Amino acid sequence: MALRYWLFKSEPGAYSYDDLANDGTAEWDGVRNYQARNLLRDDIKKGDGVLFYHSSTTNLAVIGTARVERSGYPDFTAWGTASEHPDSKSTPANPIWYMVDIRAEQRFPNPVSREAMKAASELGSMVLLKKGRLSVQPVTESEWQKICRMGGLT
DNA sequence: GCCAACGTTGGC
DNA sequence: GCCAACGTTGGC
């Protein structure tokens, strides 16, 4: 099974690439959107590449890469009332929401801004630019390579 | 802070 | 099952 590529959005005020780099590995919990859930549950596999994008900030950009450490498993943060994003309809017996674990990999020497992505003709069909609200989204291999090159990785 | 896009909810 | 109302996201 070939590796695939994804883009995860995060508000840096809530959880930044620095936070991920400090933590090493993070549980990508709290996604409460069915399209994104389906990707987390069915398609995002250990070893896949992740572009880490900062949203809702003055510096909209892909900051670096991460690697999927654990394929989809039930998002248990939906269960307890102590959770930051509870969903009483989701239970251990019938989980609704899923998450993966990711690990920080390489920070881009030059973060790739949204402006730069919009200006790059090869990136014109990126989901990020077409359907911006999806918080977990697929990226093609050529988009991955282009963005890594723009970011300054060899 | 505004507003467009779009996902979800709920009445019928 | 349709669709209007509503809420949220996120770029600007």
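This briefing covers a predicted model of a protein with two DNA strands, by way of its largest pocket, its DNA surfaces and selected residues. Local features need pLDDT of at least 70 and side-chain atom pairs count only at pLDDT 80 or more, while totals for chains, interfaces and linings use all residues; side-chain values use heavy atoms, with hydrogens and water left out. Residues are numbered from 1 along each chain as its sequence is written, and chains are lettered from A in the order in which they are written.

**Largest pocket**

- The largest pocket has a volume of about 750 Å³.
- A pocket here is an open set of points on a 1 Å grid over the protein atoms alone, where a 1.4 Å probe fits, with protein on both sides within 12 Å along at least five of seven lines.
- Grid points are joined across faces, edges and corners, and the volume is the space filled by probe spheres set on the points.
- The pocket is lined by 26 residues, and K9, W28, D29, G30 and V31 are the closest to its centre. Lining residues have an atom within 4 Å of a point.
- By class, the lining holds 7 nonpolar, 10 polar and 9 charged residues. Ala, Val, Leu, Ile, Met, Phe, Trp, Tyr, Cys and Pro count as nonpolar, Asp, Glu, Lys and Arg as charged, and the others, Gly among them, as polar.
- Strands β1 (5-10) and β2 (25-27) each supply at least two lining residues. β2 gives the most, with 3 residues. Strands are DSSP runs (E, at least two residues), numbered from the N terminus.

**DNA strand C**

- K9, Y53, S55, S56, L60, R114, K118, G132 and R133 surround DNA strand C. A residue is near a strand if one of its heavy atoms lies within 4 Å of it.
- This surface divides into 2 nonpolar, 3 polar and 4 charged residues.
- Sugar or phosphate supplies 85% of the strand C atoms within 4 Å of the protein, and bases supply the rest.
- K118 places a polar side-chain atom 2.6 Å from a phosphate oxygen of strand C. A polar contact is a pair of N or O atoms within 3.5 Å.
- R133 has a side-chain N or O atom 2.9 Å from a base oxygen of strand C.

**DNA strand B**

- Around DNA strand B lie N33, Y34, Q35, K131 and R133. Of the strand B atoms that come within 4 Å of the protein, 57% belong to sugar and phosphate.
- The surface near strand B has 1 nonpolar, 2 polar and 2 charged residues.
- A side-chain N or O atom of K131 is 3.5 Å from a phosphate oxygen of strand B.
- R133 also has a polar side-chain atom 2.5 Å from a base oxygen of strand B.

**The loop between β3 and β4**

- S56 lies in the loop between β3 (49-54) and β4 (61-74). S56 is not a glycine, yet has a positive phi of about 50°.
- S56 counts as exposed because its relative accessibility is 59% (exposed is over 50%, with a 1.4 Å probe and protein chains only).
- A polar backbone atom of S56 is 2.9 Å from a phosphate oxygen of strand C.
- S55 is in the loop between β3 and β4, and counts as buried because its relative accessibility is 14% (buried is under 20%).
- Beyond its neighbours within four places in sequence, S55 contacts K9, S10, E11, P12 and L60. Contact means heavy atoms within 4.5 Å.

**Q137**

- Q137 lies in strand β6 (residues 136-139), and counts as buried because its relative accessibility is 0%.
- A polar side-chain atom of Q137 is 2.8 Å from the backbone oxygen of L134.
- Leaving out residues up to four places away in sequence, Q137 touches Y5, W6, L7, L39, V127, L128 and K131.

Technical notes. Helix = DSSP H or I, 4+ residues; strand = E, 2+ residues; numbered from the N terminus. Polar contact = N/O pair within 3.5 Å; in protein donor to acceptor, adjacent residues only side chain to side chain.
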